[in-house]
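Got a few minutes to look over a protein–DNA model? Have the structure open beside you while you read.

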Number of protein chains: 2
Amino acid sequence: MKLSSRTEYGVRAMVELAEAHGGGPVALREVAEKQGISEKYLEQLFAALRKEGLIYSQRGAQGGYTLAKAPGEIRVGDIVRALEGPIALCDCLANEEDDAVCERMGECAAHPLWVKLQDGITSILDSTTLQDMIAGASGDSANDIRGNSEEESPNE
Amino acid sequence: MKLSSRTEYGVRAMVELAEAHGGGPVALREVAEKQGISEKYLEQLFAALRKEGLIYSQRGAQGGYTLAKAPGEIRVGDIVRALEGPIALCDCLANEEDDAVCERMGECAAHPLWVKLQDGITSILDSTTLQDMIAGASGDSANDIRGNSEEESPNE
DNA sequence: GTAAATCCTACTGATTCGGTAGGAATTATG
DNA sequence: CATAATTCCTACCGAATCAGTAGGATTTAC
């Protein structure tokens, strides 16, 4: 029940790219410095993000990284999955097509809870985009993230 | 984003005790065998659960472990915290009285999301009791877990 | 051509994880 | 009382993961 620094760093770095979105590519070094992350370590995270098609890289002088899609199109869940692999609280939840992994299945009283928990986590991560995060960070009305998603409509 | 086997085993073992609740103490060996957990390892988990007052132990022959409270009074969150320590996705969320841990605080665009995620996880874990879990396991109407929790319990 | 940048692969030290080992202390039972 | 069953305690261990480092190859703007 703890975020890896991989996830923490990766998300922060992606926010950094999101804020620079529209301008030219941003150098790894710049992101690393601004976020206080080891350059070489971040390099590996970017490699993974790139492999998953979340960022685009431009080599050579004046090169750097840019988001591969608009900030509103990139969900935090995508970032986490790119960095950590599929979100699976336990092996029996890894791949739903192959349920056989959990031989205990039928008799495991805990299973439904893990499913519920995993769904909850996934839904939070997948309902937040980079756009939401930079919106929250800039303005003081950061409540678009903190509050629940679908509420506080003009009514009520 | 993965459950430790500590958590997995611990919850399963507690369910086992919950099912035996009302009868005499259950020996460690029995729980370990039924759940397919190393005896010596489970011993350590029980030590932690005992220290947190979730289970009661009776030494000597015919001894064993019993829940310290009714199954409906023990939340899964309590078990997880007993085994893993406080649920804190990252250090900056560890103790809310001392926010200073996260020097980045103001500028960290990710922080609000982690708060939301942690709250989501905690609320799921704390709204499910052992009672809910054994109810789900026995009957085929396991939906009391998957659905929301506090309702319809005319038991005990 | 050169400097700036990404790319790639391997290594490493520290920590955590899951588990083992061995025995001391307690207690029900015959 | 003797014994067996059981919890209790502390230390240790191998393997995996984590976070980070190292070093160089490749690409490209200027």
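Here is a quick briefing on how the two protein chains meet, how they sit on the DNA, and which charged pairs turn up.

Keep in mind that this is a predicted model. Chain A lands on chain B after a rotation of 180° with 0.0 Å of shift along the axis, and the RMSD is 0.0 Å. The two copies are thus related as by a two-fold rotation axis. Between them, chain A and chain B bury about 3800 Å², while 26 residues surround DNA strand D and 25 residues surround DNA strand C.

**How the two chains are arranged**

- If you want to find the axis from chain A, look for Met1(A): its C-alpha is the nearest one in that chain, at 3.1 Å from the axis.
- Both copies use the same surface for the contact, and 95% of the contact residues of chain A recur in chain B.
- Counting by chain, 39 residues from chain A and 38 residues from chain B take part in the contact.

**What the protein–protein interface is made of**

- The size of an interface is often given as the accessible area lost when the parts come together.
- For chain A and chain B that figure is about 3800 Å², with 71% of it on carbon and sulfur atoms.
- There are 2 salt bridges between chain A and chain B.
- In one salt bridge, the side chain of Lys2(A) meets that of Asp91(B), at 3.6 Å from N to O.
- Polar contacts across the interface of chain A and chain B come to 2 residue pairs, both at pLDDT 80 or more.
- On the side of chain A that touches chain B, the elements giving two or more residues are α1 (5–19), α2 (28–35), α5 (111–126), α6 (130–138) and α7 (143–146) of chain A.
- Helix α5(A) gives the most to that side, with 11 residues.
- Sorted by class, the side of chain A that touches chain B holds 22 nonpolar, 8 polar and 9 charged residues.

**Around DNA strand D**

- The closest of the 26 residues surrounding DNA strand D are Lys40(A), Gln44(A), Leu28(B), Glu43(B) and Ser57(B).
- Gln44(A) goes for a base: an N or O atom in its side chain is 2.5 Å from a base oxygen of DNA strand D.
- Two residues of chain B come up at phosphate oxygens of DNA strand D: Arg50(B), with a side-chain N or O atom at 3.0 Å, and Tyr65(B), with a polar side-chain atom at 2.9 Å.
- The elements that give two or more residues to this surface are α1 and α3 (39–51) of chain A, plus α3 (39–51), β1 (55–58) and β2 (64–67) of chain B.
- The largest share of the surface near DNA strand D comes from α3(B), with 4 residues.
- By class, the residues near DNA strand D are 7 nonpolar, 12 polar and 7 charged.
- Looking from the DNA side, 59% of the atoms of DNA strand D within 4 Å of the protein belong to sugar or phosphate, and the rest to bases.

**Around DNA strand C**

- Here the closest residues are Leu28(A), Glu43(A), Ser57(A), Lys40(B) and Gln44(B).
- Arg50(A) has a polar side-chain atom 3.0 Å from a phosphate oxygen of DNA strand C, and Tyr9(B) has one 3.4 Å from a phosphate oxygen of that strand.
- Arg59(A) meets a base instead, with a polar side-chain atom 3.2 Å from a base oxygen of DNA strand C.
- Two or more residues each come from α3, β1 (55–58) and β2 (64–67) of chain A, and from α1 (5–19) and α3 of chain B.
- Helix α3(A) gives the most to the surface near DNA strand C, with 4 residues.
- The class split near DNA strand C is 7 nonpolar, 11 polar and 7 charged residues.
- Of the atoms of DNA strand C within 4 Å of the protein, 61% belong to sugar or phosphate and the rest to bases.

**Charged pairs**

- Side chains of opposite charge can pair when their charged atoms come close.
- Over all chains, the count comes to 18 salt bridges.
- One salt bridge joins Asp78(A) and Arg81(A), whose closest N and O atoms are 3.2 Å apart.
- Asp78(A) and Arg81(A) are 3 residues apart in helix α4 (residues 76–84) of chain A, so about one helical turn separates them.

Methods. Residues are numbered from 1 along each chain as its sequence is written. Chains are lettered from A and ligands numbered from 1 in the order in which they are written. This is a predicted model: local features need pLDDT of at least 70, side-chain atom pairs count only at pLDDT 80 or more; totals for chains, interfaces and linings use all residues. Side-chain values use heavy atoms; hydrogens and water are left out. Copies are superposed by least squares on the C-alpha atoms of residues with pLDDT of at least 70 in both. Contact means heavy atoms within 4.5 Å. Buried area is the accessible area (1.4 Å probe) that two parts lose on being put together, summed over both. A salt bridge is a side-chain nitrogen of Lys or Arg within 4 Å of a carboxyl oxygen of Asp or Glu. A polar contact is a pair of N or O atoms within 3.5 Å; within protein, one must be able to donate a hydrogen and the other to accept it, and residues adjacent in sequence count only if both atoms are side-chain atoms. Ala, Val, Leu, Ile, Met, Phe, Trp, Tyr, Cys and Pro count as nonpolar, Asp, Glu, Lys and Arg as charged, and the others, Gly among them, as polar. A residue is near a molecule or strand if one of its heavy atoms lies within 4 Å of it.
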